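Student: Could you take me on a close look at the place where the ligand sits? I would like to see what surrounds the ligand and what touches it.

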Amino acid sequence: MSRDGFGSKLGIIAAAAGSAVGLGNIYRFPCELGNNGGGAFLLVYLLIVLCLGVPVMLSEFVIGRRTQKNPIGAFKALRPKSAWPLLGYMGVACALVIMAFYSTVAGWTLEYTVKAIGNQFQGKDIETMEQEFVAFHNIGWKNILWQGIFIFLTGFVVFKGVANGIEKYSKVLMPLLVLILLVLAVRSVTLPGGTDGLTFLFKPDFSKITGSVLISALGQAFFSLSMGMGVLITYGSYIKKEDNMTTTALSVTLSDTLVAVLAGVVIFPAAFSFGIQPTAGMGLVFNTLPMIFNQMAGGYYFCVIFFVLLAVAALTSTISLLEVIVAYLVEEVHLTRRWSTVLASVACLAVGVFASLSLKDGSGIAIGGKSFFDCLDFLSSNILLPLGALMIVLFVGWILGKTAFFEEITNGGKLKLSIKGVIYFIIKFVAPLAIAVIFITGLL
Ligand code: TRP
């Protein structure tokens, strides 16, 4: 089978940024930040992104472009008859785990889009919003219906193929999302009491930094950048031989981080202004945002467009997740693309249903006191992604080696890259050590 390439340089950046920017930035980042001490979390998060973001992302790109294969095929090609391909299988499993709970929240974006169109937030106070949010979770079939629709949409785009599927959608719509976030940020910051939210977000209280804050920040960084499980290996395999992967990695990392911080600037001032606890978790975003729109001229239209774009942002992320599973089924199991897509979608929904239902009051779908939804979230971000990223940098630093790495990132010597030595040093020594130390402190 011939592999599609991305149409243009912007294509791969748009697609990788489309994968990176999603609910992780707008929904999960504020949740994690609120639950992990505010400014202290932001500081640790930014440090991790700055030091590890580009090197880890480049490692994945290098593996992908060098082999032109999916994660499992890539490791098989580079190190046949070794245990490394297991890492690819772990990535496929992780994609399934993430898809299962991510599609739950993605489904909510559709429900909230419909609510926004029906002008159902108008004039509601925050208590009513919160009650309705909880009531919605208790209607299991509705959550599952939206989740199913979302997975179906994802499957549809994935089935149409990489180049014409992903590229087309994300190029125009993501900048629009950023634009709306900017407008929202201005409104949020100028709400009465909004500056308290800024203080919470930007003023680090160093006493709050614990092992669990560190691992949460690490996990969130990998989650947000779509790193540590092979999505970017798959994307790397579509990067052209003449593209500059380092600037691609840099652009993706920067834009993703910008959107996350911007989401924080939107959420926290408003949350403080409306009296929502920063630890409110899921409700933080879904309840706060409509309240901001209620306070804006033209809020109705902004609200509808926002939730549509949030759904699109989620879609460009779920596409990348499903693509990992589909690429595996097509290239390793040799199923047709159609059947691979059907099979992968059904599998995601089958697990995802339990994630959705576990949020019902008293559902009992929980492990050790944690809802199944939270378990999947924790398993992916705090365990599988850090482990995956650790193995990937170890592979590039110690197995693939310097010569091959330099050859890839300089396009066989054509690009002059003065910082290549620093990047390699980070990949070989700093990143493995940092990830291992944070992972272990997080477990203690
Ligand atoms: N990064 C996406 C977000 O922030 C989610 C995502 C898509 C992801 N693909 C991934 C996370 C691969 C981890 C790995 O919404």
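**Around the ligand**

Tutor: Let's start with one contact: a polar backbone atom of A20 is 2.9 Å from an oxygen atom of the ligand, where a polar contact is a pair of N or O atoms within 3.5 Å (within protein, one must be able to donate a hydrogen and the other to accept it, and residues adjacent in sequence count only if both atoms are side-chain atoms). Keep in mind that this is a predicted model, in which local features need pLDDT of at least 70 and side-chain atom pairs count only at pLDDT 80 or more, while totals for chains, interfaces and linings use all residues. Residues are numbered from 1 along each chain as its sequence is written, and side-chain values use heavy atoms, with hydrogens and water left out.

Side chains take part as well: an N or O atom in the side chain of Y102 is 2.4 Å from an oxygen atom of the ligand, and a polar side-chain atom of N25 lies 3.4 Å from a ligand oxygen. On its own the ligand has 360 Å² of accessible area, and the protein covers 100% of it (Shrake-Rupley method, 1.4 Å probe; for residues, only the protein chains shown count as cover).

Now step back to the whole shell. The ligand is surrounded by 17 residues, and A20, G24, Y102, F223 and S226 are the closest; a residue is near if one of its heavy atoms lies within 4 Å. Of the shell residues, nine are nonpolar, eight polar and none charged. Here Ala, Val, Leu, Ile, Met, Phe, Trp, Tyr, Cys and Pro count as nonpolar, Asp, Glu, Lys and Arg as charged, and the others, Gly among them, as polar.
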